[in-house]
Amino acid sequence: MRVINIVRNLIGGNYRPLPGVDSILRSRGAAPSPLFIERFTNQTDFQNHRAQTNEELAARRQCEGELISSEPQFKTSGFCFACQRLSKFVSSWAFAYPVHGHLQMNWREQLLCPNCRLNNRMRASVHLLAEVVAPTRKSPIYATEQSTPLYRYLQKRFPRLVGSEYLEDGTGLGQTNSAGLRNEDLTKLSFPDAYCGVILTFDVMEHIANYPAAFAECVRVLKPGGKMLFSVPFDAALARNQVRARIGREGRIEHLLAPEYHAHPRNPKGSLCFQRFGWEMFEQLRQTGFRNVWALCYYSLDYGYLGGEQLQFLAEK
Ligand SMILES: [Zn+2]
């Protein structure tokens, strides 16, 4: 019952229903406790963990249900790790999805901090970068995005950060367009071998049909011991990846399941999701040359990382 314990610790033993942690935090005048991050390397260990945490997950769902408002937009108090201060995270029903006939709030893509413009998932990526990868200010880092609030946030903190987009506007690979955006194809990166110590790629791999080639390119571009921190749509119940679409003969897209498009910063049509990942991804990453792969498992009411249990991934060369 970690959630309840966290709340009890914060308010001194008297459980009181949420919403809002700001008054509790303000009364303490401090940031919340450090984020608890669990690591898993395989499905069996993760399933054992899930079997032991069913009760806690139900408690989390209940807390989250109490935070939801019927308004089209609502705010949830929490501590923004990226801004290092209390914030009122904004959520809406955008990207909601049905579960057993009921619309489920997509917490992963909500809880936007109005100050840094980062949502739940992105703020957590910043947090995991600091806690798990811990780059120095001078670390060479490659991020597979450049026209996003997350890139702008990271650029201020890591002057050697290089970002790119997949432009499809005629700009050559490794070249920069008139808007200052660098064009890269993740399956054919223009960087030399062992170029950087850290790669950041958030919700990109699901949009690449030949993602094993992208994994292989990331291994090549990383220095030995280098780390790739990444997020993808991942179904922890799946042993195999769920292939939704593929490139068939003559380069045509073949849909195996109903097409799923995700929001894209420059394409109003959205970006096709070729696959959702399962544990097979771990073996594929190891086969391409990553020595270690971990699922980083975290949750926090205080930091606004809601959605039952959240997962991002770390692969080490
Ligand atoms: Zn913020």
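**Loops, sheet and core of a predicted model**

Student: Between which two strands does the loop that holds Phe95 lie?

Tutor: The structure shown is a predicted model. In this model, Phe95 belongs to a loop, and the strands on either side of that loop are S3 (85-92) and S4 (97-99).

Student: Is Phe95 buried, partly exposed or exposed?

Tutor: A residue is buried at 20 or more C-beta neighbours within 10 Å and exposed at 12 or fewer. Phe95 has 14 such neighbours inside 10 Å, so its class is partly exposed.

Student: What is the phi of Phe95?

Tutor: Phe95 is a residue other than glycine, yet its phi is positive. The value is near 70 degrees.

Student: Which other loop residue, also not a glycine, has a positive phi of about 50 degrees?

Tutor: The residue sits in the loop that runs between S4 and strand S5 (102-104). It is exposed, because 5 other C-beta atoms lie within 10 Å of its own. The residue with this positive phi is His100.

Student: How many helices and how many strands does the chain have, and how does its radius of gyration compare with the globule rule?

Tutor: The secondary structure comes to eight helices and 17 strands. For 317 residues the globule rule gives 20 Å, and the chain is close to that value, so it is as compact as a globular protein of that length. The radius of gyration of the chain is 20 Å.

Student: Which strands stand at the edges of the open sheet of seven strands?

Tutor: The order in this sheet is S1-S16-S17-S9-S8-S6-S7, and the pairing is mixed. From one strand to the next, the twist averages 20 degrees. An edge strand here has a single partner, so one of its sides is left without a neighbour in the sheet; the two strands in this position are S1 (38-40) and S7 (161-163).

Student: How many bridges join strand S8 to strand S9?

Tutor: Strand S8 covers residues 196-202 and strand S9 covers residues 222-231, and the two run parallel. Within this pair, Val198 has Lys227 of S9 as its bridge partner, and Thr201 stands opposite Phe230 of S9. The number of bridges joining S8 to S9 is six.

Student: How many of the ten residues in S9 are buried, and which helix lies across S6, S8 and S9?

Tutor: Strand S9 is mostly covered, with seven of its ten residues buried. The helix in question spans residues 211-221, crosses strand S6 (141-143) as well as S8 and S9, and runs at about 140 degrees to S9. Its name is helix H7.

Student: Which residues touch the most other members of the largest nonpolar core?

Tutor: This core has 57 residues. Beyond four places in sequence, Ile199 is in contact with Tyr142, Cys218, Val221, Leu222 and Met228. The residues that touch the most other core members are Ile141 and Ile199.

Student: Over which residues is the pLDDT below 50?

Tutor: The chain averages a pLDDT of 89, and 91% of its residues score at least 70. One stretch falls below 50, and beyond near neighbours in sequence it has 29 contacts in the model. The stretch consists of residues 1-20.

How values were computed. Residues are numbered from 1 along each chain as its sequence is written. This is a predicted model: local features need pLDDT of at least 70, side-chain atom pairs count only at pLDDT 80 or more; totals for chains, interfaces and linings use all residues. pLDDT is the predictor's confidence in each residue, from 0 to 100. Two residues are in contact if their C-beta atoms, placed from the backbone, lie within 7 Å. A nonpolar core is a set of buried Ala, Val, Leu, Ile, Met, Phe, Trp, Tyr and Cys residues joined through C-beta atoms within 7 Å. Two strands pair if DSSP finds at least two bridges between them. Helices (H or I, at least four residues) and strands (E, at least two) are DSSP runs, numbered from the N terminus. Axes are lines fitted to C-alpha atoms, for helices over the stretch in contact, and angles run from 0 to 180 degrees between N-to-C directions. The radius of gyration is taken over C-alpha atoms; the globule rule is 2.2 Å times the number of residues to the power 0.38.
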